[in-house]
Amino acid sequence: MPHLPEHLLTGYRNFMSGRYPAESGRYRSLAREGQAPETMIVACCDSRSAPEAIFDAGPGELFVLRNVGNLVPPYEPDGEYHSTSAALEFAVQSLKVKNIVVMGHGRCGGIRAALDTNSAPLSPGDFIGKWMSLIAPAAETVTSTFMTATERQTALERISIRYSIANLRTFPCVSILEGKGRLTLHGAWFDISTGELWVMNKETGDFERLEME
Ligand SMILES: [Zn+2]
């Protein structure tokens with residue numbers, strides 16, 4: 001008996017009887033020619049914010065990196081393990097993506113953890129606390145007692161996107177290619193409850209709700 005949860009086996013059977021036959025030509029050519037996605041998305045691990053679903057993307061279209069809180073650390077070539085930076089380096093230097101989108105989302109547990117510094121760590125090893133401390137300088141900007149917890153959360157979800165985009169620019173490969181006009185950085189925020197996508201205005205940094213026609 002295959003050792004996978006039943007819902008995964010069911011899903012896979014549906015994939016093989018539905019989506020795969022419809023896209024088998026695409027899968028075969030991707031296998032033959034390799035992948036060449038034009039867009040990298042940095043998204044949260046949250047099961048409700050899957051970029052492939054939100055952007056209705058097929059195989060080979062998006063190079064997706066997901067981590068807790070959709071964060072990009074600054075460039076730190078210190079010989080340590082940097083999975084996010086490795087994926088970024090691969091996307092930019094090897095795949096030569098043209099766009100990088102940092103996509104946050106509403107009700108993000110990682111962002112909540114970054115704001116909730118007084119309580120005990122979410123996990124015994126406190127990997128989350130350490131990871132989310134990356135945006136501590138951003139979290140310090142939403143400490144006003146006049147803000148509600150919800151306002152603080154939404155604000156940091158968006159500020160941290162701008163913060164990660166600033167960190168992206170500390171990578172020489174990113175800033176050089178952006179300067180040459182061969183790479184564009186974008187920010188987006190997905191509202192899980194309504195399905196709304198808010199896109200960052202490049203000039204002002206504000207997030208504007210995408211109008212549907
Ligand atoms: Zn999240």
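This short talk goes through the cores, one helix pair, the largest pocket and a few single residues of a predicted model.

Let me begin with the interior. The largest nonpolar core has 25 residues, and those that touch the most other members are Met40, Leu88, Val92, Ile100, Leu168, Val174 and Leu183. At least two residues of this core come from each of the strands E1 (39–44), E2 (62–67), E3 (99–105) and E4 (184–190), and likewise from each of the helices H4 (83–94), H8 (149–168) and H9 (172–179). Among these elements, H4 gives the most, with four residues. If we take Leu183 as one example and leave aside residues up to four places away in sequence, its contacts are Val92, Val97, Lys98, Asn99, Ile100, Val174, Leu177 and Glu178. Apart from this core lies another one, made of twelve residues, including Leu71, Ile111, Ala155 and Leu156.

Next comes the helix pair. As a reminder, two packed helices are described by the angle between their axes and the distance between the axes. For helix H1, residues 6–17, and helix H2, residues 19–33, the angle is about 65 degrees and the axes are 4 Å apart. On the H1 side the contact is made by Asn14, Phe15, Met16 and Ser17, and on the H2 side by Arg19, Tyr20, Pro21 and Tyr27. Sorted by class, the residues of this contact are five nonpolar, two polar and one charged.

I turn now to the empty space. The largest pocket has a volume of about 390 Å³. It is lined by 14 residues, of which Tyr81, His82, Lys130, Trp131 and Leu134 are the closest to its centre. H4 appears again here, since both H4 and helix H6 (127–132) supply at least two residues of the lining. The lining is mixed in class, with five nonpolar, five polar and four charged residues.

The remaining part concerns single residues, and I start with Ser164, which lies in helix H8. Is Ser164 buried or exposed? Ser164 counts as buried, because its relative accessibility is 1% and the cut-off for buried is under 20%. Beyond residues up to four places away in sequence, Ser164 touches Asn70, Leu71, Val72 and Val102.

One of those partners, Asn70, deserves a closer look, and it is found in the loop between E2 and H4. Most residues other than glycine have a negative phi. The phi of Asn70, however, is near 45 degrees, a positive value in a residue other than glycine. With a relative accessible area of 2%, Asn70 is buried.

A positive phi is also found at Lys96, where the value is near 55 degrees, again in a residue other than glycine. Lys96 lies in the loop between H4 and E3, and Lys96 counts as exposed because its relative accessibility is 54%, whereas the cut-off for exposed is over 50%.

That loop between H4 and E3 also holds Leu95, which counts as buried at 16% relative accessibility. Which residues does Leu95 touch, not counting residues up to four places away in sequence? The contacts of Leu95 are Gln35, Pro37, Phe63 and Phe90. Finally, for anyone setting up distances, Leu95 and Glu52 are 43 residues apart in sequence, and their C-alpha atoms are 18 Å apart in space.

Note on methods:
Residues numbered from 1 in each chain as written. Predicted model: local features only at pLDDT ≥ 70, side-chain atom pairs only at ≥ 80, totals over all residues. Heavy atoms only, no water. Core = buried A, V, L, I, M, F, W, Y, C linked by side-chain atoms within 4.5 Å. Buried < 20%, exposed > 50% of the residue type's maximum accessible area, 1.4 Å probe, protein only. Contact = heavy atoms within 4.5 Å. Axes fitted to C-alpha atoms, helices over the stretch in contact; angles between N-to-C directions. Nonpolar A, V, L, I, M, F, W, Y, C, P; charged D, E, K, R; others polar. 1 Å grid on protein atoms, 1.4 Å probe; cavity = no way out; pocket = protein on both sides within 12 Å on 5 of 7 lines; lining within 4 Å. Points joined across faces, edges and corners; volume = space filled by probe spheres on them.
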